[in-house]
Amino acid sequence: MLVRYRGGEGMIAWAFHRISGVAIFAFVVLHVIDIFLVGAAPGVYDTLLSFYVTPVGILMEWLLGAAVLYHALNGLRIVIMDFWPPLTRYHKGLWRLNWILFALIGIPVTIVIAGQFFRALGWLPK
């Protein structure tokens, strides 16, 4: 018998929430380490700071922002359904609203970060 995925929006929302949470946790750990370097190894810290303005660093910053935004919006969706259980009937609609808000907030931020990214690549004047 062929087994197919049937999780739908709820399972995808759960997976994205967990993935974004792990990404945010990894950032916090790395951030604590890089702050430690200020006193322990200032030269390494300065090198690390120069990485943040490279295209790869800017892309990672953008991905972190997207993870934080999704995690926050999906967390609010979960809180709404926890406090008002009848709204769980509309979880698909709430998940779609989550993505609409993600796009409305994320697109302007992406435009700003894209400007930094293209400047770092040398495609736009500094």
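This passage describes the pockets, a nonpolar surface patch and a salt bridge in a predicted model. Because the model is predicted, local features are reported only at pLDDT of at least 70 and side-chain atom pairs only at pLDDT 80 or more, whereas totals for chains, interfaces and linings use all residues. Residues are numbered from 1 along each chain as its sequence is written, and side-chain values use heavy atoms, with hydrogens and water left out.

The largest pocket has a volume of about 660 Å³, where a pocket is an open set of points on a 1 Å grid over the protein atoms alone, at which a 1.4 Å probe fits and which has protein on both sides within 12 Å along at least five of seven lines, and where lining residues have an atom within 4 Å of a point. The volume is the space filled by probe spheres set on the points, which are joined across faces, edges and corners. Of the 24 residues that line the largest pocket, Phe27, Met60, Glu61, Leu63 and Leu64 lie nearest its centre. Two or more lining residues come from each of the helices H1 (8-40), H2, H3 and H4 (91-121), helices being DSSP runs (H or I, at least four residues) numbered from the N terminus. H1 gives the most to this lining, with eleven residues.

The second largest pocket has a volume of about 150 Å³, and its lining includes Trp62, Leu69, Phe102 and Ile113. H3 and H4 each supply at least two residues of this lining, with the largest share, six residues, coming from H4.

On the surface, Leu49, Phe51, Tyr52, Val53, Val56 and Met60 make a nonpolar patch of about 540 Å², a patch being made of residues with over 30% relative accessible area and no salt bridge, in which nonpolar side chains (Val, Leu, Ile, Met, Phe, Trp, Tyr) are joined within 5 Å and like charges within 9 Å. H2 (42-52) and H3 (55-83) each supply at least two residues of the patch, and H2 gives the most, with three.

The structure holds one salt bridge, defined as a side-chain nitrogen of Lys or Arg within 4 Å of a carboxyl oxygen of Asp or Glu. It is formed by the side chains of Glu9 and Arg96 (3.0 Å, N to O), which link distant parts of the chain, with Glu9 in H1 and Arg96 in H4, 87 residues apart. Glu9 counts as buried at 17% relative accessibility, whereas Arg96, at 46%, counts as partly exposed, since buried means under 20% relative accessible area, exposed over 50% and partly exposed in between (1.4 Å probe, protein chains only).

Note on methods: Accessible areas come from the Shrake-Rupley method with a 1.4 Å probe; for residues, only the protein chains shown count as cover.
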